[in-house]
Amino acid sequence: ALSLNSCTKDLLEKDPTDKISEQNFWKTKSDADLALAGCYEFLSRGYNATSSTAARGGWGGASMLWDGLSDDAFVPSSSNSFNVISRSGITPTTGGMQTEGYEISYQAIGACNRLLANIDKIATLSEEQRNIYKGEARFIRAHYYFLLTRLYGDVPLTLQPLGLDEASAMLARTPKAAIISAILEDLDFAIEHLPNTSYSGHAVRGSALGYKVKVLLTNKQWDAAANTAQIIIDEKVFSIYQGGYRNLFRKPGQNNNPEIMFSAKFLPPNMYSPADMMYSYLKAVQPLYYLVDSYTCTDGKPITESPLYDPSNPYENRDPRLKASIIYEGVWRGTDASSAFDPVFENVLGGYLPRKYINESKWPTSYATQSDQDWVFLRYADVLLMYAEAKNESSGPDQTIIDALNQVRSRSDVNMPLFNLNDSYSREELREVIRQERRVELALEGQRYFDLKRWGVIKEVMDTIQDPDGAARLFQARDTLWPVPQSEVDIARSLGNEGYKQTPGF
Amino acid sequence: NSTVSGKVTTPDGQTAPGVSVRVKGKNKGTTTDANGLYQLQVESQDVLIFSQVGMATKEATVNGQKQVNIILQELSNQMDEVVVVGYGTQKKVNLTGAIASVDGDVVNKRIATNPTQLLQGRMPGLRVTQASGEAGNENVNLQVRGLGSYGASASPLIIVDGIPGSLTNLNPQAIENVTVLKDAASAAIYGARAANGVILVTTKQGKAGKAKLTYDYNIGITKASSLPDFVYNSVDYMKLYNQAAINSGITNSNAMFSQEMIDAYANATDKNLYPDFNWLDAVFKTVPVQTHNLSLSGGGSGTTYNVILGYVDQPDIMVGTSFKKYNLQINLNAKINERINFGSSITLNYGDRKYPRNGSEDQFLSTISQSPLYGPYLPDGSGRYTSRAYPFQSPNKNPVAVAENALTKLNNYYMQGNLFLNVKLLEGLEWRTSGGLNYSFSKNYTFKPVVEQYLWFAGPNDASSRLLDVGGQGLTVTDDNNVYPVGYTQLTYDKSFGNHHLKVLAGTQVEYNKTQMLLGSRLQFPSNEVPELNAGGAGQQTNEGVTEEWSLRSYYGRINYDYKGKYLLEGNARYDASSRFPKDLKWAFFPSVSGGWRIAEEAFYGDGLKAVMSDLKLRASIGTLGNQNIGNYPYQTVLNSSYAYPFEESLQQAARQEAMANNRIKWESTTVVDFGVDLGFFNNKLIANFDWYNKVTSDILSSSTAFPAYIGLAAPTVNYGELRNRGVELGLQYRETFGEVALSLSGNIQANRNKVIKYGAERIQGNTIIREGLPYGSFYLLQNIGIFRSQDDITNAPVQQIPAKPGYLQFADVNGDHQVDNNDRVVVPGAFPNFDYSFNASATWKNFDLTVFLFGSQGQKIFVSEWGIVPFRQGGVFTRDWMEDSWTPENPNASLPIVGAEGTPAANNVRTASTFFLKDASFLRLKNVQLGYNLPASMLSKIGISGLRIYFAGDNLLTFSKFPGLDPERGVSSGGGATSGRYVTHPQNKVFAFGTSITF
């Protein structure tokens, strides 16, 4: 009987063989490293090139799709949620990024929360070490909460792991201001505890400072934004990269790059980016002529004014960042003439493809193309431009603003004419100069859509935009904040969670 | 006085020796000889009575005839007919539970590779839904008495020769009998896994006697049961395409067909270069399906054997897909001595299946997305594949190129076998031990080649326009294997004490299951010709491996008691433990009781009544069953460590929790109450079985609970919710012989009503809603109330979700807030059929036999979308009605809305989830007809053949349905509720078969 019993017990006790049991976790430094990588891994996800096609994007190396929501680019595939959203078709059941933006962000936040709640159990770590883990997890958490507020406005706020209890299921949509405070607290913790070094993959003090500038700027706290940017400038850990503008977006230029402050990292073959496959092969994002035309001539004047502009040779004498960012008819994508771009043959109605984030050594591209380009979320040029913008809004034009802009324009291979305060800009004029500089410097980096929204001009801009197939964009004011997934509203209603309602207008 | 002679045969043409032939009212008679022949002196008006044990007695008036030939029917429902029940057998008359059964001979009138589909319509209470006609992937869903659970699996347990096994992997010819245990009383003996019913399959055993060798051959000419009427005229296509673009506000002339292009096709003399290409014809073919079966059976001195070797070669009606099935069934029985009996049955099956990686549905929609302007290969004869005619077109992948280059090869090896040992310990006491093993191994090669596609008009040196979309590149090889040993041992005691009869069974069973998967993949290959991993570059390779286990331990028992065979009582119980539940919640007890009263055996049941209603039995049962068919590790909190992140130039492994665990889960349980009546009329020529049941599933194990996404984890499995299935089943059988014609008619009808009793918060999932009081997963859609005929209509109507234009569909503002939005969705009935029914007729005359089988389903609706039903999905073709009667300013009263270009508001308006695309999927179909002829033995014996049968069979010959274009019979929703999804499904097959069977 004894042996039968023990046999029964063994027979009926089955635990997973290929997963870690939580009971044995949170014991060693190695566990902390596993968990932290589990938080970062969300940055690089969103596209599984081995099993999917062009339907998804917007995450990691596929972040350029965000520009398809702006006047800079167009997402041609109507099966892509970015195409639907760009044409004012967003509804609570659109799916794609409309639901993923919410769900994946909270998965990442949950992973960070669990690390933060458990890291103190690992006795072998010193307090200083623990604070670094915490700082990084809080930084990642801030990254995702920031995305949530920019997409949906008010969202549930939790800084603790949620459970099976009723309270966990009954969170309200917290006002955005409270979430911004939480984001800033997280970033301040990271600023205090993360090492003040250059960036190589783990978030550092500068990453957190830069994000803080962006959060403050987005929420129109101009003084604080300018002051925080000033700290980064003064600490001189980061600088404008002089190894070539295009190399900011390709390996090996991205390795130990002094300008990059935070990015999603890739390392083929097991952790590769879809960049070349997505932008070159699938042509999932196509720049619009509005962006192309916004690049000035080398004299710094717009094409409508500059004598250097030749309509029959429109890409000559232009800001060098145009050729570095955009492919037009005839441009070689590989190393020989067979790779020359033919928009009609390739059915690119607008005539342009991205060059930023494209590596010509990968040509010809296919589904199998594995890219190693890190997606840059934050770089020093952005900080300088944010400083200029915040400072101009807070105290008006001054030499520090001009210096910041000129530092961006004087990158060795860009080398555009410098601005001069003696040209006596008004605050409004300088605002336009800064916005224009931001557009071309950060073109196709997933920024423009959020910039247009925070400037409050998205409707007036987008209502004038027509896609290459002739369809008008039109922008419904309600779309400034997206609807949360319908299922989330249905669940809240069914649980009687009064504090959780659909985004106004939907 | 004269002499009458004749021959007595059985319905299947066998001679009937030893039949008693008497003259009615006279003491005169004889018996038939070994050849079934008799001879008798009679008077002209004499009546002959033919009788034999086990056969229905038959009378015939001589009426001056010299020869009277008679066919004797076997008695149905006769006293000692036995049916298979859990862990044993039972006399049919003594049954108290709800059981239906069918013989292999009956289901094998149809010809199928997968025996599961043959059960359709044969047993009231079992609903069989065949999702598609795709070779080797029929995807047959079995449901006993409605949808029993929405969390745990709702499939019935399949027992083959006493051990859990696979029906799909059997050779249909090897099946002797199939029995369905429907109520708790009959199924409780399988407690742990019986909540959704149990299907018991018995394979054919050998019969003692001379060795009998039989060869069967069958060839079936197979084609699609139905395909839509698409417009494949290029000019018509281009004109409507342009119309759709203009309707949608598209102005860029590069995005539509120019007049020049249209003229080129309209005025073409070279139809090779400017074709009206019919893509359905290129992808759907008429194919021959061939079946061979060779069987050898016989036995002597206590040992019997039955061996069947089967082979099916089934090319699919869609190019690229094919299936070959090789099957060997070996059944052996040996009587060692008077007390010990030993035997085994073994199935070896090998399936060789090829199919496009994305399946037939993807292949079908790719076909529809092609326009008639071009064919699959360039017109220059170079053999290059076409991507499209003009660059602005955006069809899906070329399906012919996929079929010729990008197939998955799936080789599946399957073995199920068992051994048993029966020992008669004492008189009435039997000990049976059986052990079985199921083992499956499958190897999947998915190679994604690099295939260039060119523009139709490309010159010889033009570059390819795009690669064939095969979802990536490279080779993935996956090995899956499953080991599933089961063993049980039991004692049965069977004893009569005067008028009391007692039968007791007690046993214990252990099951263990282990699944393993190993995957390897490489990306870069030097060519498309070497599809093995080592041919690929080692630089880009990945691998995966998974192992999962579960186990069950059980104790079970049954007591049968009857008094004088009139009052029947049965109790069943099972005590089960599952590895899937936490320590203190592993064990659960599932009891049942049932009773029967054979009223017709009572003394008060008069002979007068018996002459009409020859049998009457009442049955009742109640009991509880369990279900644990959920994921393997639902209560353990685990971290997935298969991720990584590169902080520097190497990967750091990552781990995180992905799903919420719940360490308090327990068994799901189902309580069934059943009342039944079994009736026989006119000496049991007409038999009726009626059942009413109420089946309630509670503590449903589900992870589809209201679990907000902001928690950041997949929802946990919880015990919550209650479903009710209530219904009736009626089966009728009638047998009669008229002279030399033997006739058998049977009909079944089953009606089930599903209702969510407890779910908590209602849940909307896509186009369906789960709400207490409604059938599970009812349709939840906007209501289409017509088409906006004019601007005035729009002005007077509530604001629509997509700003309306004339020609758009109008949706109802149900809540009256003058705005149509998702709050205006309404519940629409039609998630499940109201009833299913079937009718079977068979007749024999001399050496001919004819069977006709009809199957129907009434009341189900299906929401269909996308390719084939919505015009211009991916630029695809449209059905004729869109060309002839869609809204235009000139045709404001059209029956269909305006045609729009993909991705535009006009197209999105039509595609709105509404009642517009909710289609009635009721159907009645002539499922099968078989006409056979047995050549006379006298003719065959000369050439050494003892039997030769030839037959013609037709499957799915006629279908009556309102469903548009395609087959109304399609798969059940994976979520369990209403069926909502793509219009395109591999249609069922229409088969014209010819076959022959030779016995030596």
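Is the crossing of helix 6 of chain A and helix 7 of chain A left-handed or right-handed? It's left-handed, meaning that the near helix is turned anticlockwise from the far one by less than a right angle (clockwise would make it right-handed).

## Ground rules

This is a predicted model, where local features need pLDDT of at least 70, side-chain atom pairs count only at pLDDT 80 or more, and totals for chains, interfaces and linings use all residues. Residues are numbered from 1 along each chain as its sequence is written, chains are lettered from A and ligands numbered from 1 in the order in which they are written, and side-chain values use heavy atoms, with hydrogens and water left out.

## Two helices side by side

Let's stay with that helix pair. Helix 6 of chain A covers residues 176-193 and helix 7 of chain A covers residues 205-218. Helices here are DSSP runs of H or I with at least four residues, strands are runs of E with at least two, and both are numbered from the N terminus. The two axes come within 8 Å and cross at roughly 155°. Each axis is a line fitted to C-alpha atoms, for helices over the stretch in contact, and angles run from 0 to 180 degrees between N-to-C directions. The pair is therefore roughly antiparallel, a label for angles over 145 degrees (under 35 is roughly parallel, 65 to 115 roughly perpendicular, and the rest oblique).

Who meets whom? On the helix 6 side of chain A, the residues include I180(A), L184(A), L187(A) and D188(A). Among their partners in helix 7 of chain A are R205(A), L209(A), Y211(A) and K212(A). By class, this contact has 11 nonpolar, no polar and 3 charged residues. Nonpolar covers Ala, Val, Leu, Ile, Met, Phe, Trp, Tyr, Cys and Pro; charged covers Asp, Glu, Lys and Arg; the others, Gly among them, are polar.

## Tucked-away residues

I179(A) also sits in helix 6 of chain A. With a relative accessible area of 0%, I179(A) is buried (under 20% is buried, over 50% exposed, and in between partly exposed, using a 1.4 Å probe and protein chains only). Skipping residues up to four places away in sequence, I179(A) touches Y145(A), T149(A), V155(A), L157(A) and T174(A), where contact means heavy atoms within 4.5 Å. Its C-alpha atom is 9.3 Å from that of A142(A), and these two are 37 residues apart along the chain.

Over in chain B, Q363(B) belongs to helix 6 (residues 359-368). Q363(B) is buried too, at 1% relative accessible area. Leaving out neighbours within four places in sequence, its contacts include M318(B), V319(B) and P356(B).

## Backbone oddities

Most residues other than glycine have a negative phi, and most peptide bonds are trans. Now for some exceptions. A cis peptide bond links K251(A) to P252(A), with omega about 5°, and P252(A) is in the loop between helix 8 (222-235) and strand 3 (260-264) of chain A. Another cis bond runs from W363(A) to P364(A), with omega near -5°.

P364(A) is in the loop between strand 6 (353-354) and strand 7 (375-379) of chain A. Y357(A) lies in the loop between strand 6 and strand 7 of chain A as well; its phi is positive, near 70°, and it's buried at 1% relative accessibility. In chain B, N684(B) has a positive phi near 65° and sits in the loop between strand 35 (668-681) and strand 36 (686-698).
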